[in-house]
Protein chains: 2
Amino acid sequence: MNITIYDIAQQCNVSIATVSRVLNGSSRVSEKTRAFILQTMKDMGYKPNPFARGLGLDSMKIIGVICTDVADIFYAHAVSLLEDGLRQHHFDVMLSNTGTDTGRNSKYITDLTAKHVDAIITIGTPFSSEADIRQLQKVAETIPVITINSDYHQPNMYSVVCNEKEGMRSAVHALAKKGCQSVLYLYDALTYSGRHKLDGFREGIRELKLDASAKLIQQIPRTLAAAEAIIDRLIAADVHFEAILTSEDVLAVGAQRAALRHGHVLPVIGCNNSILAQCATPTLSSLDNKLANLCAAAVNLIIQLTETDGAAVPVRTEFNAELVERESFQSRP
Amino acid sequence: MNITIYDIAQQCNVSIATVSRVLNGSSRVSEKTRAFILQTMKDMGYKPNPFARGLGLDSMKIIGVICTDVADIFYAHAVSLLEDGLRQHHFDVMLSNTGTDTGRNSKYITDLTAKHVDAIITIGTPFSSEADIRQLQKVAETIPVITINSDYHQPNMYSVVCNEKEGMRSAVHALAKKGCQSVLYLYDALTYSGRHKLDGFREGIRELKLDASAKLIQQIPRTLAAAEAIIDRLIAADVHFEAILTSEDVLAVGAQRAALRHGHVLPVIGCNNSILAQCATPTLSSLDNKLANLCAAAVNLIIQLTETDGAAVPVRTEFNAELVERESFQSRP
DNA sequence: TTGTATGCGTTATCAG
DNA sequence: CTGATAACGCATACAA
């Protein structure tokens, strides 16, 4: 079997207690024996058993990360950033894809807590039903729960968000300054993030007294095809718009392509500032929601909450979005 | 503290052994007591402690997944597929991003095995140096190691690959049939996959006696900008090519865009058949390397190797690539 | 079918 | 500074 602290204790003529002490770095051990023990640990190729360690400490330094779909470029980027940050603090990441939010996703929470993860980070809105949120809240009583781009306003939960409402609002202002009088808004879902973006859009429209026609706000699936289809349909129906704003880059890509096919050259702004925006022709402007900042903040919270006593950590951390202008922004309506 | 089998044993007036038995489903327990125990487990909200369980079974049903970068759309998709498949068999996924292959990535292997994962799946080529591979081989003596799109030809390692060589070869044939006499090939790295694609390209060129000029094979970074730059440079240098083939969709996107900017309308074929190919205008043809099949096969291997005795599992599983034709393929040189 | 007793590898609490 | 020894929660060989 594997080699244990008993083996190296015996080899060093000490008790397992002292071995355990040098293992945990802490406590008082004579420099001489510590060095000796460390050496023989290397020599014998000793590796502490994580399960036994977990039993004693009730922790295996694992963080559960939950999102609806890592295949989505945005979540993938977030997971990548979180993984990198957490690894630097010797945490491992256990990934959980819920798929679309069915309202009965609490099993993913249960699964993760059953593994006794040290904390949970959610990205986006994997949970929206009352039941799921209640479950998440219950978990939060035991371990830190950090939500990126969500805010359940529950005790013991920490929220890290980008102010996308303000971002969308400023995007509308930017378009207006270009001379656009009517802006089409395409969105996919009313998640926390989705709702705020829509609110920001509406606020911008209202403030500037732009065309507030209901037809200029359309909800569609998060796919290229859906975006192209809706543009085709609106143009066929003679709906007039002088710019397009979307809740997601992929929608902007499809919308711009369809519009161009109809000869409509107009400013298009996506959201998330993913590589998709750069793949389109012309390249798409996009609202950057500062994912790197969000993830870094989440990692910091984890560290604070698990390694220190986490007395004074912010319940809510907020960043500003930033409009990244590209070719699509040069287009005049 | 948490509630244990002792608690429910006491509540049911049985020994912890019987409780443990119903927990493991196995063994012979009277249907009556089993039902009773199961009920009180529910009532008391009992959750088995994974660390204790791990100590006894030396397994926590966790699979380590390693790739260079989940932020990359291709790896992200793979991770998503693996996670879904493994979850259905009650495995959790522990993610490891190595970043670029530095040749000294074995620490990621060590980290993962230190957590006693049940198996390791690598995607792409996170390890290429002698030392790293040796380390991986050593791990393979203990747990199953499955490599997707790599083949180290080591004992106890299982390889799942797509025959991209043949795929690239057939792509060249398809272009030739369109009348192209000279094909530009752009690639980013000579990973296992990268090498085979290049080999397939070369073979196709040779077979059909197409233009085999060295200038028609270019290695560049895996970025849009790099692809655009090389096209600009080649055209400036009067290098003649009638079609473009790339090792990665993102390169195809950039290359097509740059070519179009110069007024060159020609067939462009990417690889991986990611959403990037569909975001380009015109939409890009792409060599689909059947990631879903690869991942499903990997999951199957894991199940066979961990749950059965895994006596007769294939050491190498191979799928064929498929050329997906889109608008970019209609373009005539 | 059920119970007893021991092992799994660490951590932590006592004494010395 | 160091050594016994008791948890930690569960699995299991051996008895009954």
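## A walk from the DNA to the shared sheet

B:S15 is found in the loop that links α1 and α2 of chain B. Please keep in mind along the way that this is a predicted model. With a relative accessibility of 39%, B:S15 counts as partly exposed, because that value falls between the 20% limit for buried and the 50% limit for exposed. For a sense of scale, pick out B:E322 as well: B:S15 and B:E322 are separated by 307 residues in sequence, and their C-alpha atoms are 59 Å apart in space.

Let's turn to the DNA, beginning with strand D. There are 29 residues around DNA strand D, and those that come nearest are A:R21, B:I5, B:S20, B:N24 and B:Y46. Of the strand D atoms within 4 Å of the protein, 62% belong to sugar or phosphate, while the rest belong to bases. Several phosphate contacts are worth finding on your screen. In the side chain of B:Y46, an N or O atom is 2.3 Å from a phosphate oxygen of DNA strand D. A:T33 also uses its side chain, with a polar atom 3.2 Å from a phosphate oxygen of this strand. For B:N49 the atom concerned is a backbone N or O, which lies 3.1 Å from a phosphate oxygen of DNA strand D. Which elements give two or more residues to this surface? They are α2 (16-23) of chain A, together with α1 (5-12), α2 (16-23) and α4 (50-57) of chain B. Of these, α2(B) gives the most, with five residues. By type, the surface near DNA strand D divides into 16 nonpolar, nine polar and four charged residues.

Now look at DNA strand C. Here 28 residues surround the strand, and A:I5, A:S20, A:Y46, B:R21 and B:R28 come nearest. Sugar and phosphate make up 64% of the atoms of DNA strand C that come within 4 Å of the protein. Backbone atoms appear in these contacts: a backbone N or O atom of A:I5 lies 2.8 Å from a phosphate oxygen of strand C. A polar backbone atom of A:N49 is 2.9 Å from a phosphate oxygen of DNA strand C, and for a polar backbone atom of B:S30 the distance to a phosphate oxygen of that strand is 2.9 Å. At least two residues of the surface near DNA strand C come from each of α1 (5-12), α2 and α4 (50-57) of chain A, and from α2 of chain B. That surface holds 15 nonpolar, nine polar and four charged residues.

Next comes the sheet. Twelve strands form an open sheet with mixed pairing, in the order β11(A)-β5(A)-β4(A)-β3(A)-β1(A)-β2(A)-β2(B)-β1(B)-β3(B)-β4(B)-β5(B)-β11(B). At its edges stand β11 (316-320) of chain A and β11 (316-320) of chain B; each has a single partner strand, so one side of each lacks a neighbour in the sheet. On average, neighbouring strands are turned by 20 degrees against each other, direction ignored. For one pairing in detail, take β3 (residues 119-123) and β4 (residues 145-148) of chain B, which run parallel and are joined by four bridges. B:I121 has B:I146 in β4(B) as its bridge partner.

Our last stop is helix α8 of chain B, residues 164-177. Its 14 residues should span 20 Å at 1.5 Å a residue, and the end C-alpha atoms are 20 Å apart, which agrees. Buried residues in α8(B) include B:E164, B:R169, B:V172 and B:L175. After α8(B) comes B:G179, with a positive phi near 105 degrees.

Methods
Residues are numbered from 1 along each chain as its sequence is written. Chains are lettered from A and ligands numbered from 1 in the order in which they are written. This is a predicted model: local features need pLDDT of at least 70, side-chain atom pairs count only at pLDDT 80 or more; totals for chains, interfaces and linings use all residues. Side-chain values use heavy atoms; hydrogens and water are left out. A residue is near a molecule or strand if one of its heavy atoms lies within 4 Å of it. A polar contact is a pair of N or O atoms within 3.5 Å; within protein, one must be able to donate a hydrogen and the other to accept it, and residues adjacent in sequence count only if both atoms are side-chain atoms. Ala, Val, Leu, Ile, Met, Phe, Trp, Tyr, Cys and Pro count as nonpolar, Asp, Glu, Lys and Arg as charged, and the others, Gly among them, as polar. The expected span of a helix is 1.5 Å times one less than its number of residues. Buried means under 20% relative accessible area, exposed over 50%, partly exposed in between (1.4 Å probe, protein chains only). Two strands pair if DSSP finds at least two bridges between them. Axes are lines fitted to C-alpha atoms, for helices over the stretch in contact, and angles run from 0 to 180 degrees between N-to-C directions.
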